[in-house]
Amino acid sequence: MSAGAVTQDEKWGIDLGPESLLWRWAGDSRIAYLGGTIGLLQTMHPAIGAALIEHSNFFDDPVDRVFRSLPRILGTVYDEDGYATGRDVRDVHRTIKGDDDGHGNKYHSLDPETFWWAHATFQFMAEQVADRFDRHELTPDEREQLYQEGVEWYSRYGVSDRPVPVDRAAFEEKWNHICDTVLERNEATEFVLDTLDARLLPKFEGRAPLPRHLHWLADTWIVRRLLARPARVVAIGGLPERVRERLGIPFSRRDERELRFIEWTIARTHRFSPARMRWQPRAIEGWLRTTGRIP
């Protein structure tokens, strides 16, 4: 952001804290159900897909990127100094660049449009937790508030705010435009789709979002087998329908019925989970620091 620029919190008067909707939704443990969807939407972007191919261990360990990056991304919202965390996230991306994004173009992960799309998928994630996996129905005003808090979230990375839509309606218009004209099936996307079609989920190797004494359970054959199909249904079903149709990603009526049942069940049972299982670890740290309790 240029010197003297008006920051988004000054522009909108937004404070990210326990009273914000972003705190309510971004660190909810149910974001785990959206991991496959967000991963697909990011890999489908030509520049992000190229960066994953050239600059990561994505094909050797497809879940590693999530467990390395997500805590810091949530820390940008929940940490005491979210701006410092955000700039750390930004600086990790300074050397991620290349000469070919699949279309003969140079790419850089800090290109504002590319960086904003990665953020937009997390904005989408927070809203989708409420829309798909909770019984609370967001009002139009709440949806706008959640979006504007997401704008403040993005500002904490210190990347140009030039691509940022001014309101929720403009965000939806730009989101749909990218879905319709930019996203593509590429090598990284095909790898994720093949992983989702496999009979077993990849091993978490002690990184599953579970209490430590249950980590072994997530990597057992039976659990990885039982969860493989639901994981695919939730990930593919979470994609915007326009993306599935345009890119030829099948999703049957049976898939749709299973998805609705999974969403209905999670929305009605999540509140019975222990408090520490209802939040991501970085969110728990934020709640304890600011309120002394886990909601």
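This section describes burial, salt bridges and aromatic contacts in a predicted model.

Helix α4, which spans residues 46-55, is mostly covered, with seven of its ten residues buried. The buried positions of α4 are P46, A47, I48, G49, A50, A51 and L52.

Charged contacts were examined next. Side chains of opposite charge can pair when their charged atoms come close. The structure contains 23 salt bridges. One of them joins the side chains of K174 and E113, with a nitrogen-to-oxygen distance of 3.0 Å. This contact connects distant parts of the chain, since K174 belongs to helix α9 (residues 168-181) and E113 to helix α7 (residues 112-133), 61 residues apart. The relative accessibility of K174 is 18%, and K174 therefore counts as buried, the limit being under 20%. E113, at 32% relative accessibility, is partly exposed.

Helix α7 also takes part in a salt bridge between D131 and R143, whose closest N and O atoms are 2.9 Å apart. Here too the pair links distant parts of the chain: D131 lies in helix α7 and R143 in helix α8 (residues 140-155), with their positions twelve residues apart in the numbering. D131 counts as partly exposed, at 36% relative accessibility.

A further salt bridge is formed by D255 and R229, with 2.6 Å between the closest N and O atoms. The two residues come from distant parts of the chain, D255 from helix α15 (residues 253-269) and R229 from helix α13 (residues 228-237), and are 26 residues apart. The partners have unlike surroundings: D255 is buried, with a relative accessible area of 5%, whereas R229 is partly exposed, with a relative accessible area of 28%. Both residues belong to one network, in which salt bridges that share partners join D197, R229, R232, R254, D255 and E258.

Aromatic contacts were then considered. Across the whole structure, 13 aromatic pairs are found. In the pair F124 and W175, the ring centres are 4.7 Å apart and the planes lie at 20°, so the pair is stacked. F124 in helix α7 and W175 in helix α9 are 51 residues apart, and their contact thus links distant parts of the chain. Both rings belong to buried residues: F124 has a relative accessible area of 13%, and W175 has a relative accessibility of 4%.

The rings of Y147 and F171 adopt another arrangement, with centres 5.3 Å apart and planes at 45°, so this pair is tilted. Y147 lies in helix α8 and F171 in helix α9, 24 residues apart, and the pair links distant parts of the chain. Y147 is buried at 2% relative accessibility, and F171 is likewise buried at 5%. The residues of the stacked and tilted pairs fall within a cluster in which ring pairs link W116, W117, F124, Y147, F171 and W175.

Charged groups also sit over aromatic rings. The charged end of K174 is placed over the ring of W116, 4.6 Å from the ring centre. K174 thus contacts a member of the aromatic cluster in addition to its salt bridge with E113. A second contact of this kind involves R156, whose charged end sits over the ring of Y83 at 4.9 Å from the centre.

Methods: Residues are numbered from 1 along each chain as its sequence is written. This is a predicted model: local features need pLDDT of at least 70, side-chain atom pairs count only at pLDDT 80 or more; totals for chains, interfaces and linings use all residues. Side-chain values use heavy atoms; hydrogens and water are left out. Buried means under 20% relative accessible area, exposed over 50%, partly exposed in between (1.4 Å probe, protein chains only). Helices (H or I, at least four residues) and strands (E, at least two) are DSSP runs, numbered from the N terminus. A salt bridge is a side-chain nitrogen of Lys or Arg within 4 Å of a carboxyl oxygen of Asp or Glu. Rings of Phe, Tyr and Trp (its six-membered ring) pair if their centres lie within 6.5 Å; planes under 30 degrees apart count as stacked, over 60 as edge-to-face and the rest as tilted. A charge sits over a ring if NZ of Lys or CZ of Arg is within 6 Å of the ring centre and within 35 degrees of the ring normal.
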